[in-house]
Amino acid sequence: MTDRSLETVTILGATGSIGRQTLDVLARNPERYRVLGLTAGHRWRELAEHCLTWRPPFAALADEQAAEALRNHLREAGSHTQVLAGHAGVAEVAALQEADTVVAAIVGAAGVRPTLAAVEAGKKILLANKETLVVTGALFMEAVKRHGATLLPVDSEHNAIFQCLPAEGVGPGVRRLLLTASGGPFRGWTREQLTAVTPEQAVCHPNWDMGPKISVDSATLMNKGLEYIEACWLFDVAPQRIEVVIHPQSVVHSMVEYLDGSVLAQMGTPDMRTPIACALSWPERIESGASRLDFATLSSLDFQAPDNDAFPCLGLARQAMEEGGAATAVLNAANEEAVAAFLDRRLGFNAIGAVVEETLQRTPSSRCADVDAVMDVDARARDLARSLIREWAC
Ligand code: NAD
Ligand code: MG
């Protein structure tokens with residue numbers, strides 16, 4: 001028997017860093033939530049473990065063969081979880097009628113269709129998958145409005161800004177939004193020093209424990225560029241009203257500056273379970289498991305401007321946002337391809353930004369009427385980026 005008074009939660013990207021941390025928060029609050037659906041890409045053994053622990057009625061894997069393996073494994077284990085397969089299966093689980101909340105935690109543009117499926121079903125969406133907003137921008141925000149979905153930011157900076165803003169959002173009293181960035185593992189390095197960076201060094205973030213793609217994005221500062229675009233859409237603010245500040249301790253997660261000079265900051269230890277718990281229970285509060293901020297041992301909070309010469313990706317993201325149209329989809333596609341090639345040791349660290357810049361330059365501006373058109377732009381930008389990567393391979 002399932003308890004129908006509990007809030008039902010589906011997690012897209014359940015085997016990833018955000019997915020696992022969401023399950024950890026749910027485990028601490030069993031009196032409030034039950035898991036309805038869990039999805040992942042291809043890691044069926046990890047999803048099987050989650051299914052046996054959480055007994056969700058539904059699961060899905062994007063990879064059809066992996067879905068078959070999961071189905072067989074669960075059947076032998078006596079599980080009643082129904083397993084769906086392929087991208088359509090993931091989208092179907094994203095839009096289940098019985099779901100109250102959908103956690104969008106797939107990495108990359110692969111999250112676009114499933115996240116939109118949840119939006120079109122009018123769900124409460126906890127958005128971690130920033131690339132979806134970077135790629136589909138206005139179309140996504142229009143769909144949220146049209147289908148009466150609720151959007152709550154999980155990305156720590158956006159969750160911080162959300163907490164520092166009044167309920168009606170950015171009004172005339174707000175002067176600007178300040179996005180903080182740790183600066184990643186190579187803060188203070190010169191462009192020359194960055195030439196020899198390895199994937200092992202890049203995925204080793206000083207403050208946050210994250211999936212490999214976002215870890216590399218944090219090292220190049222593209223993550224802050226994607227977040228800058230994400231903030232423009234989420235809070236409906238002009239790009240000029242957002243500033244990025246490097247803050248190495250990752251204690252202040254972002255800030256809102258008001259016209260009267262007040263600056264509101266949201267603080268906490270760097271633990272994604274805090275924004276996940278905040279978004280899950282908003283406007284109430286629940287235990288997240290994050291350790292508390294100890295002001296007695298907090299020696300200093302430092303702030304500085306980003307180094308745009310050594311880390312050009314932030315500037316490229318600003319440029320793409322200002323250009324508008326599908327430029328941010330091109331930026332994202334080129335970046336995903338370049339990061340995958342870097343992790344695969346086919347491309348140097350500094351070449352990531354170069355691939356993105358060249359792909360942007362060689363792609364004519366375009367406006368897209370629907371998501372299919374955006375995904376065509378995404379596919380063409382990937383082809384171009386891949387050919388550049390082959391040319392510049394290390
Ligand atoms: P991750 O690599 O750890 O996990 C990604 C998840 O997506 C996995 O469950 C994987 O199976 C699934 N997936 C990958 N490709 C898929 C596909 N084609 N179809 C269906 N599922 C697919 O990534 P993560 O670090 O958890 O990040 C997830 C998202 O959250 C990203 O957009 C990231 O930018 C954002 N985010 C992450 C953090 C963090 O601390 N990890 C913080 C803020 C925002
Ligand atoms: Mg973030």
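**Figure 1. Sequence spacing of the residues that donate to the magnesium ion (ligand 2) in the predicted model.** The donor residues of the magnesium ion follow the pattern D-x1-E-x69-E along the sequence. Asp 155 is placed in the loop that runs between strand 7 (150-153) and helix 7 (156-164), whereas Glu 227 belongs to helix 11 (residues 222-235); the pair therefore ties together parts that lie 72 residues apart in sequence.

**Figure 2. Coordination of the magnesium ion (ligand 2).** Three residues are shown with their donor atoms: Asp 155 through OD, Glu 157 through OE and Glu 227 through OE. The coordinating distances run from 2.1 to 2.2 Å. Asp 155 has a relative accessible area of 7% and is buried, because residues under 20% are classed in this way. Glu 227, at 1% relative accessibility, is likewise counted as buried.

**Figure 3. Polar contacts to oxygen atoms of ligand 1.** The side chain of Thr 15 places an N or O atom 2.7 Å from an oxygen atom of ligand 1. From the backbone, an N or O atom of Gly 211 is found 2.9 Å from an oxygen atom of the ligand. A backbone N or O atom of Ala 128 stands at 3.4 Å from an oxygen atom of ligand 1. On its own, ligand 1 has 830 Å² of accessible area, of which the protein covers 89%.

**Figure 4. The residue shell around ligand 1.** The shell holds 22 residues, and those that come nearest are Thr 15, Ser 17, Gly 41, Glu 131 and Gly 211. Divided by class, the shell around ligand 1 comprises 12 nonpolar, 7 polar and 3 charged residues. Two helices that each contribute at least two residues to this shell are helix 1 (17-27) and helix 6 (130-146).

**Figure 5. Surroundings of Thr 132 in helix 6.** Thr 132 forms part of helix 6, a helix that also supplies at least two residues of the shell around ligand 1. The relative accessibility of Thr 132 is 0%, so this residue counts as buried. The side chains of Thr 132 and Asn 129 are joined by a polar contact of 2.4 Å. When neighbours within four places in sequence are set aside, the residues in contact with Thr 132 are Gly 111, Val 112, Thr 115, Gly 137 and Phe 140.

How values were computed: Residues are numbered from 1 along each chain as its sequence is written. Chains are lettered from A and ligands numbered from 1 in the order in which they are written. This is a predicted model: local features need pLDDT of at least 70, side-chain atom pairs count only at pLDDT 80 or more; totals for chains, interfaces and linings use all residues. Side-chain values use heavy atoms; hydrogens and water are left out. A residue is near a molecule or strand if one of its heavy atoms lies within 4 Å of it. A polar contact is a pair of N or O atoms within 3.5 Å; within protein, one must be able to donate a hydrogen and the other to accept it, and residues adjacent in sequence count only if both atoms are side-chain atoms. Accessible areas come from the Shrake-Rupley method with a 1.4 Å probe; for residues, only the protein chains shown count as cover. Helices (H or I, at least four residues) and strands (E, at least two) are DSSP runs, numbered from the N terminus. Ala, Val, Leu, Ile, Met, Phe, Trp, Tyr, Cys and Pro count as nonpolar, Asp, Glu, Lys and Arg as charged, and the others, Gly among them, as polar. Donors are N, O and S atoms within 2.8 Å of the metal (3.2 Å for Na, K and Ca); water is not among the atoms, so sites may look incomplete. Buried means under 20% relative accessible area, exposed over 50%, partly exposed in between (1.4 Å probe, protein chains only). Contact means heavy atoms within 4.5 Å.
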